[in-house]
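Q: I'm new to this one, so could you take me on a close look at a single part of it? I'd like to hear about the cavity, and then whatever salt bridges are worth a stop along the way.

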Amino acid sequence: MSTETHVIMDETAIRRALTRIAHEILEKNKGIDGCVLIGIRTRGVYLAERIAAKIEEIEGTPIPWGELDVTPYRDDRLDVAGETRKELLIMTPESLSIHNKKVILFDDVLYTGRTIRAAMDALMDCGRPQNIQLAVLADRGHRELPIRPDFIGKNVPTSKSEEIEVALMETDGQDEVKIIQNRGEQA
């Protein structure tokens, strides 16, 4: 199968999108009181961390943030030997409660919505937030569940044969978002 790749967001575009999202979060929530940022592993964590730094730069006040591993909550992954779900999934630089907080959940790409559904299940096992808002760097469509982001870096209408690949400095050594078109089968 041959592939064709196009960069749709470079480092500058990603920085601008995250700055815009930070301002939109502040505007929608009228500041940061009662807000908590949660990034879905792996790249969502780095996006949440970057937004937290940007919000602190804008507001002069730190905002709590943490990370979430949704692996045990995925409906497309089987539990090992029928085991039940593992221990609490939020890991943070500090103790973090989501009870009665406005949780802003971050992921790199929104596709079917299944990862977000798993994240919401995990969050509900950790406490009862006041509300959950969703921020994504790229929304590619093709939802299987009724999930819609509140904050979007870039809408990227795709076909089923295309993929969105996000690279971030923290994990990949560069910042960019690519669209990959898979074309036919090789002989």
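**The cavity and its surroundings**

A: Let's start with the wall of the largest cavity: its biggest share, 3 residues, comes from β6. Keep in mind that this is a predicted model. A search through the whole structure turns up 1 cavity of 30 Å³ or more, and its volume is about 30 Å³. The lining is made up of Leu18, Ile21, Leu47, Phe106, Asp107, Ala135, Val136 and Leu137. Two or more of these come from each of α1 (11–29), β5 (102–110) and β6 (131–139). By type, the lining has 7 nonpolar residues, no polar ones and 1 charged.

Now for the salt bridges, of which the structure holds 13. Helix α1 has one: arginine 20 and glutamate 24 meet through their side chains at 3.5 Å, N to O. Because they sit 4 residues apart in helix α1, about one helical turn separates them. Arginine 20 is partly exposed at 33% relative accessible area, and glutamate 24 is partly exposed too, at 27%.

Other pairs reach further along the chain. Arginine 41 bridges to glutamate 67, with their closest N and O atoms 2.7 Å apart. That pair ties the loop between β2 (35–40) and α2 (43–59) to strand β3, across 26 residues. Aspartate 172 and arginine 43 also meet, at 2.9 Å, N to O, linking helix α4 to helix α2 from 129 residues apart. Finally, shared partners join Arg41, Glu67 and Asp69 into one salt-bridge network.

Conventions
Residues are numbered from 1 along each chain as its sequence is written. This is a predicted model: local features need pLDDT of at least 70, side-chain atom pairs count only at pLDDT 80 or more; totals for chains, interfaces and linings use all residues. Side-chain values use heavy atoms; hydrogens and water are left out. On a 1 Å grid over the protein atoms alone, a cavity is a set of points where a 1.4 Å probe fits but cannot get out, and a pocket is an open set with protein on both sides within 12 Å along at least five of seven lines; lining residues have an atom within 4 Å of a point. Grid points are joined across faces, edges and corners, and a volume is the space filled by probe spheres set on the points. Ala, Val, Leu, Ile, Met, Phe, Trp, Tyr, Cys and Pro count as nonpolar, Asp, Glu, Lys and Arg as charged, and the others, Gly among them, as polar. A salt bridge is a side-chain nitrogen of Lys or Arg within 4 Å of a carboxyl oxygen of Asp or Glu. Buried means under 20% relative accessible area, exposed over 50%, partly exposed in between (1.4 Å probe, protein chains only).
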